[in-house]
Amino acid sequence: MTIFTIKVKPNSKQQSIAEQPDGSLTIHLKSPPVDGKANQELIMLLAKKFKVPKSAIGIKSGFFSRNKLVEIPIEPVTEK
């Protein structure tokens, strides 16, 4: 399992995922932050990007915040 620090920007014109130099992700979502719609879109985008089922992704903290900790079941990349 890997935990990502994510900054969400809802109500964007288009969806995008940008990796920051510190390893965190900035994700632009089309959905408004209403009734969990932005969180659903976030999970859908992350599932597609990391090729994991949506049910395997969990928001650990920041459910109602733009700054989130999200757990995704992938192995961290280690340098050899």
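Reasons behind the labels

Author: Leaving out residues up to four places away in sequence, Ser31 touches Pro10, Asn11, Lys37, Ala38 and Glu41. The model is predicted.

Reader: What makes these count as contacts?

Author: The cut-off is heavy atoms within 4.5 Å. Each of the five residues listed for Ser31 meets that rule.

Reader: Where is Ser31 found?

Author: Ser31 is in the loop between strand 3 (25-28) and helix 1 (37-50).

Reader: Is Ser31 buried or exposed, and why?

Author: Its relative accessibility is 18%. Buried means under 20%, so Ser31 is buried.

Reader: What is the link between the side chains of Ser31 and Glu41 called?

Author: A polar contact, at 2.4 Å. The limit for the N or O atoms is within 3.5 Å, so the pair qualifies.

Reader: Asn11 was one of those contacts. Is Asn11 buried or exposed, and why?

Author: Its relative accessible area is 52%. Exposed means over 50%, so Asn11 is exposed. Asn11 sits in the loop between strand 1 (2-9) and strand 2. Its phi is near 60°, a positive value in a residue other than glycine.

Reader: Where else does a residue that is not a glycine have a positive phi?

Author: At Lys51, with phi of about 55°. Lys51 lies in the loop between helix 1 and strand 4. At 73%, Lys51 is over the 50% line, so Lys51 counts as exposed.

Reader: Which residue takes a positive phi in the hairpin of strand 2 and strand 3?

Author: Gly23, near 95°. That hairpin has five residues between the strands.

Reader: How do you know that strand 2 and strand 3 pair?

Author: Four bridges join strand 2 (residues 16-19) to strand 3. The rule asks for at least two, so the strands pair. The two run antiparallel. Ala18 stands opposite Thr26 in strand 3.

Reader: How many salt bridges does a search of the whole structure find?

Author: One. Lys60 forms a salt bridge with Glu71.

Reader: Why is the pair of Lys60 and Glu71 called a salt bridge?

Author: The closest N and O atoms are 3.1 Å apart. The cut-off is within 4 Å, so the pair passes. Side chains of opposite charge can pair when their charged atoms come close. Lys60 is in strand 4 (residues 58-61) and Glu71 in strand 5 (residues 67-72), eleven residues apart.

Reader: Which of the two is buried and which is exposed, and why?

Author: Lys60 has 52% relative accessibility, over 50%, so Lys60 is exposed. Glu71 has 18%, under 20%, so Glu71 is buried.

Reader: How many aromatic pairs does the count come to?

Author: Two. Phe63 and Phe64 have ring centres 5.3 Å apart and planes at 80°. The limit for the centres is within 6.5 Å, so the rings pair. Planes over 60 degrees apart are edge-to-face, so this pair is edge-to-face.

Reader: Why is Phe63 called partly exposed?

Author: Phe63 is at 44%. Partly exposed lies between 20% and 50%, so the label fits. Phe64 has 82%, over 50%, so Phe64 is exposed.

Reader: What makes Lys49 a charge over a ring?

Author: The charged end of Lys49 sits over the ring of Phe50, 5.5 Å from its centre. The distance limit is within 6 Å, so that step is met.

Definitions and conventions. Residues are numbered from 1 along each chain as its sequence is written. This is a predicted model: local features need pLDDT of at least 70, side-chain atom pairs count only at pLDDT 80 or more; totals for chains, interfaces and linings use all residues. Side-chain values use heavy atoms; hydrogens and water are left out. Buried means under 20% relative accessible area, exposed over 50%, partly exposed in between (1.4 Å probe, protein chains only). A polar contact is a pair of N or O atoms within 3.5 Å; within protein, one must be able to donate a hydrogen and the other to accept it, and residues adjacent in sequence count only if both atoms are side-chain atoms. Rings of Phe, Tyr and Trp (its six-membered ring) pair if their centres lie within 6.5 Å; planes under 30 degrees apart count as stacked, over 60 as edge-to-face and the rest as tilted. A charge sits over a ring if NZ of Lys or CZ of Arg is within 6 Å of the ring centre and within 35 degrees of the ring normal. A salt bridge is a side-chain nitrogen of Lys or Arg within 4 Å of a carboxyl oxygen of Asp or Glu.
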